[in-house]
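Colleague: I am new to reading structures, and I would like to learn how the words used for them are justified. Could we go through some together?

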Amino acid sequence: MPTRLSPRLAAVVNALPLQPHSRVLEIGCGPGAAARAVAARLTTGHILAIDRSATAIAQAEAAATDEITSGRMSVRQVAGEDFVLQADEEPYDIVFAVRVGALDGRHPEVGRRVLQRIALTTTAEARLFIDGGDPLRELLIPRA
């Protein structure tokens, strides 16, 4: 069953430079609608949807049983500033966040910590997108 997205979320997902093999990280996934829409475009790729809220992760997991079973999607309860790769986890090449205060300038100190975590968990060519553009803005990932 296709995921029903708001026009705003649909525009965000459509603007992402997704490839069938992309490894995608969504920070602040909420109930997971955008993550499910991304998963639908992946074949060998994978999306990890993270959120600090246990409630959001429970909702995302419940709504995405097909995507999770297929291996195209997983969810994890963790704040962006605490995110680390697990032992067998490959780095990500696309990161996106919608209405995440740490990345849209509302919480700059937390934002710096999130950007450091993104730099440590992504490939050298990875790209980071947030809402607030038309429909997305790309942020630079700080590399050491």
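Modeller: Gladly; what follows is a set of questions and answers about this predicted model.

Colleague: Let's begin with the sheet. What makes β3 and β6 edge strands?

Modeller: Six strands form an open sheet, in the order β3-β2-β1-β4-β5-β6. β3 (73-77) and β6 each pair on one side only, and that makes them the edge strands. Neighbouring strands are turned against each other by 25° on average, direction ignored.

Colleague: Why is the pairing in this sheet called mixed?

Modeller: Look at two of the pairs. β1 (residues 23-27) and β4 run in the parallel sense, whereas β5 and β6 pair in the antiparallel sense. With both senses present, the pairing is mixed.

Colleague: How do you know that β1 and β4 count as paired?

Modeller: The cut-off is at least two bridges between the strands. β1 and β4 have four bridges, so they count as a pair. One example is E26, whose bridge partner in β4 is F96.

Colleague: And what makes β5 and β6 a pair?

Modeller: The reasoning uses that cut-off of at least two bridges again. β5 and β6 also have four bridges, so they qualify. Here F129 has E138 in β6 as its bridge partner. These two strands form a hairpin with four residues between them, and G132 in the turn has a positive phi of about 110°.

Colleague: What is unusual about the bond between D134 and P135?

Modeller: It is a cis peptide bond, with omega at about 5°. Most peptide bonds are trans. P135 is in the loop between β5 and β6.

Colleague: What makes R99 worth pointing out?

Modeller: R99 has a positive phi of about 55° although it is not a glycine. Most residues other than glycine have a negative phi. You will find R99 in the loop between β4 and α5.

Colleague: Why is R99 called exposed?

Modeller: Exposed means over 50% relative accessible area. R99 has 59%, so it passes that limit.

Colleague: Now the helices. How do you know that the buried residues of α1 are on the same side?

Modeller: The buried residues of α1 (residues 7-15) are L9, V12 and V13. They cover an arc of only 95° around the axis, so they sit on the same side of the helix. These buried residues pack against α2 (33-39), β4 (92-97) and β6 (136-139).

Colleague: Where does α5 lie?

Modeller: Helix α5 (residues 108-120) lies across β1, β4 and β5 (122-131), and runs at about 140° to β5. G111 is in this helix. With 4% relative accessibility, under the 20% limit, G111 counts as buried.

Colleague: Why is the aromatic pair called tilted?

Modeller: The structure holds one aromatic pair. The ring centres of F83 and Y92 are 6.4 Å apart, and the planes are at 55°. Centres must lie within 6.5 Å to pair; planes under 30 degrees apart count as stacked, and over 60 as edge-to-face. The angle of 55° falls in neither class, so the pair is tilted.

Colleague: Are those two residues buried or exposed?

Modeller: F83 is at 2% relative accessibility and counts as buried. Y92 has a relative accessible area of 1%, so Y92 is buried too.

Colleague: What makes you say that R23 lies over the face of Y92?

Modeller: One part of the test is that the CZ atom of Arg is within 6 Å of the ring centre. R23 is at 4.5 Å from the ring centre of Y92, so that part is met. The other part asks for a position within 35 degrees of the ring normal. R23 is listed as lying over the face of Y92.

Colleague: Why is T121 called buried, but G28 partly exposed?

Modeller: T121 has a relative accessible area of 2%, under the 20% limit, so it is buried. T121 lies in the loop between α5 and β5. Beyond its neighbours within four places in sequence, T121 is in contact with F83, V84, L85, P91 and Y92. G28 is at 27%, in between 20% and 50%, so G28 counts as partly exposed. G28 is in the loop between β1 and α2. Its contacts, again leaving aside neighbours within four places in sequence, are I50, D51, V98 and V100.

Note on methods: Residues numbered from 1 in each chain as written. Predicted model: local features only at pLDDT ≥ 70, side-chain atom pairs only at ≥ 80, totals over all residues. Heavy atoms only, no water. Buried < 20%, exposed > 50% of the residue type's maximum accessible area, 1.4 Å probe, protein only. Arc of directions from axis to C-beta. Contact = heavy atoms within 4.5 Å. Axes fitted to C-alpha atoms, helices over the stretch in contact; angles between N-to-C directions. Phe/Tyr/Trp six-rings, centres within 6.5 Å; stacked < 30°, edge-to-face > 60°.
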